[in-house]
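Biologist: Please take me closely through one part, the surroundings of the ligand, and give the cut-off behind each term as you go.

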Amino acid sequence: MNTLSTGHTHIPTTDIAIIGAGLAGSLCAHLLSQMGQSVCLIDKSRGSGGRASSKRLEGNVSCDLGLPYIVIKHPDTIQLFKQLTEEHIAAPWKQLSHENEQAFVGVPRMSAITRYWGQNAKFITGTRIHHLDQIMPQDETESSWLLRDDKYQPVVIAKKIIITAPAPQAASILASNDKLAVLLLRANQASSSYQSQWSMWLETAPSDLNALLEPQNSLIKRMIKDNYKPMRQDEKIDRWVIQTDPNWTKQHLDADKEWITQTLVQTFADITEHRVLKHGEPHRWLLSQFTENKGNKAFAWSPEHNVGLAGDWLYQGDAEGAVLSAMSLVKQIQDTK
Ligand SMILES: Cc1cc2nc3c(=O)[nH]c(=O)nc-3n(C[C@H](O)[C@H](O)[C@H](O)COP(=O)(O)OP(=O)(O)OC[C@H]3O[C@@H](n4cnc5c(N)ncnc54)[C@H](O)[C@@H]3O)c2cc1C
């Protein structure tokens, strides 16, 4: 990346700035880097992954507190995950796969996928983009974008921007510049269609319970044995990740964390008849999944402003949708070059 001097500061410049390093943002970074573009990936968190990130526990152990596995049906994503499997970045989870739907996980953890896709981009972490200013750098004929953080500090100057933050967060970035009103409308439309979930890891003695349990009529929606995923076998314990039912979550979104912890541990023990030996803190995913955005394009692109949107909320509302949305947006950018 080059730098541009404006007054006292040197601001890095790049062809494309991507806001959000989840599945959609990291894949855009991977595909655009392969096309020879300089890419800057920016995320408000400490690392990549977004909702497909992993939580580090003691030692070198981690577990997937968000997306537990990705179900692949589309020919384009089948091809992509075949390549990731060959590179030992992902692996099929055969126990959860069916004839027309293959389940995949990252190895040794889910965040390996976004880390791999983002490796050729300049990655700025711990930075929340808040403001987009259109500028005309000296000696340039085309305008560029100056991205600023939530303290109004300049972060990077880019010719193009891709926003992959979830709809409400994308809307708040787009609202900072009135030229982006059409994109803002699309983000606002999708902003109310999300669900929330609590998730938590816990450990029990090894058992022969299935790798995935979906209890009926329970506040727990899913229980996933994280150590049963490919390349993670741990003989000494079973490590579970449990996720709450979205309707129950809605009623207990602001409940005391200690109460949530006790309720989840007790419910888990009642269902499995296994004593919980150890557990983590519950994590609240305010925006865990979006409703399928039917009838709309899988991405949004404004050729006039060189700003685009990708992410699960633009297509299918799930992890595979985030991947397909990113692929379609990059294809559009490639076609309009
Ligand atoms: C508990 C849980 C269970 C799930 N289960 C499933 C499942 O079974 N199957 C399935 O298909 N999907 C599931 N999902 C959903 C799946 O994880 C998402 O669809 C997918 O990961 C979305 O990827 P994305 O790149 O579109 O968005 P994200 O992963 O949300 O990435 C967006 C990134 O943008 C960053 N960001 C936001 N605002 C800013 C800003 N202003 N500046 C800088 N960075 C910003 C965020 O930190 C984040 O890293 C689940 C999600 C959760 C949380």
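Modeller: What follows starts at the ligand and then turns to the domains that line it. The model is a predicted one, in which local features need pLDDT of at least 70 and side-chain atom pairs count only at pLDDT 80 or more, while totals for chains, interfaces and linings use all residues. Residues are numbered from 1 along each chain as its sequence is written.

Around the ligand there are 38 residues, and Gly20, Gly22, Gly50, Ala165 and Asp318 are those that come nearest; a residue is near if its C-beta atom, placed from the backbone, lies within 6 Å of the molecule. By character this shell divides into 17 nonpolar, 14 polar and seven charged residues, where Ala, Val, Leu, Ile, Met, Phe, Trp, Tyr, Cys and Pro count as nonpolar, Asp, Glu, Lys and Arg as charged, and the others, Gly among them, as polar.

At least two shell residues come from each of the helices α1 (23-34), α4 and α8 (319-335) and from each of the strands β6 (70-72), β13 (194-204) and β18 (283-290), helices (H or I, at least four residues) and strands (E, at least two) being DSSP runs numbered from the N terminus.

Domain 1 (2-60 + 109-191 + 294-335) and domain 2 (194-290) each give the shell at least three residues, with bounds taken from an automatic or database domain assignment. The centres of the two domains, taken over C-alpha atoms, are separated by 31 Å, and ten residues of domain 1 are in contact with six of domain 2 (C-beta atoms, placed from the backbone, within 7 Å). On the domain 1 side of that contact, five residues are nonpolar, one is polar and four are charged.

Note on methods:
Two residues are in contact if their C-beta atoms, placed from the backbone, lie within 7 Å.
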